[in-house]
Amino acid sequence: LDLYAARLALEGSYWLKDVGPFWADEEIWSVLGSISGGSRWEDGDFDSGLGTTGTLGFGYEVPDLFRVGLGVSATSSLEEGGLDFSPFVSLRWYVTERFTIRSQGLGARLEYDLTPVIELHVAAGRVNDGFRLQDRFGLDDDLTFRDRYLRFSGGFEWDLANWLKFIVEGGYTAERRLRVQGDDLGTIASKRVAPSFFVDLALDIRF
């Protein structure tokens, strides 16, 4: 399968100056929000995977100690319409000045600042991925490819500039299951995949 993904997101927060203190002398309350659009598609069928996601929630932070965000995300598909709701949870604990533990999707990530510009990390968690497929098998149904697995990884991030990061990551995937699903027919094909190793190289550009 030739699968592709593209996403554009806008995220922001608004500090609530008049709230608190709750239990700490220094704390920050905020309203969190984001909106994104993109597609996850096969070959040239970009439109089939188009969708949007919006998130709204509240954040609470004690500087240099921990940060938590709670809210709700709503996702809509261009083809299917409607709204799918899911909880949004973000946690970050500053264990020491250099060592941080935070949530990452359906898992956790440990980060250590080796130098001011190089960060080491290890992570583990469940990954659920999906792509809209082209029509096949002569079926009159919208097909989706699902990829679900456990991911264990480690690597480093190098800040080349305030807006640019170079990322190297490698690791191991296990308990991997691939499925092709139809919106009306349910699971059409399913297969478990042997554990495997991976290496990722990436440039993270932010404006």
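**Entry 1: Arg176 and Asp147.** In this predicted model I looked up the side chains of Arg176 and Asp147, and I found them meeting in a salt bridge with 2.6 Å from N to O. The pair links distant parts of the chain, since I place Arg176 in strand β10 and Asp147 in strand β9 (residues 143–161), 29 residues apart. I then checked how the two partners stand towards the surface: Arg176 is partly exposed, with a relative accessible area of 22%, whereas Asp147 has 8% relative accessibility and therefore counts as buried, the cut-off being under 20%.

**Entry 2: the strands behind that pair.** I followed β9 and β10 along their pairing and noted that they run antiparallel over 17 bridges. They form a hairpin, with 2 residues between the strands. As one position in this pairing I recorded Phe156, which stands opposite Val168 in β10.

**Entry 3: other partners of β10.** Which strands besides β9 does β10 pair with? I found that 10 bridges join β10 to β12 in the antiparallel sense, and that 7 bridges join β10 to β11, again antiparallel. On the β12 side I noted Ile167 opposite Ala202, and on the β11 side I noted that Arg177 has Arg192 as its bridge partner. β10 and β11 form a hairpin as well, with 3 residues between them.

**Entry 4: Asp183 and Arg132.** I turned next to the loop between β10 (164–182) and β11 (186–193), where Asp183 lies, and found that its salt-bridge partner is Arg132, with the closest N and O atoms 3.6 Å apart. Arg132 belongs to strand β8 (residues 118–132), so that the pair links distant parts of the chain, 51 residues apart. Is each partner buried or exposed? Asp183 counts as partly exposed because its relative accessibility is 40%, while Arg132, at 9%, counts as buried.

**Entry 5: Arg151 and Asp200.** I also looked up the salt bridge in which the side chains of Arg151 and Asp200 meet, at 3.4 Å from N to O. Arg151 sits in strand β9 and Asp200 in strand β12 (residues 196–205), and this pair, too, links distant parts of the chain, 49 residues apart. For Asp200 I noted 34% relative accessibility, which means that it counts as partly exposed.

**Entry 6: the wider count.** How many salt bridges does the structure hold? I noted 13. Some of them share partners, and in this way Arg92, Arg102, Arg109, Glu111, Glu119, Glu157 and Lys165 are joined into one network.

Notes: Residues are numbered from 1 along each chain as its sequence is written. This is a predicted model: local features need pLDDT of at least 70, side-chain atom pairs count only at pLDDT 80 or more; totals for chains, interfaces and linings use all residues. Side-chain values use heavy atoms; hydrogens and water are left out. A salt bridge is a side-chain nitrogen of Lys or Arg within 4 Å of a carboxyl oxygen of Asp or Glu. Helices (H or I, at least four residues) and strands (E, at least two) are DSSP runs, numbered from the N terminus. Buried means under 20% relative accessible area, exposed over 50%, partly exposed in between (1.4 Å probe, protein chains only). Two strands pair if DSSP finds at least two bridges between them.
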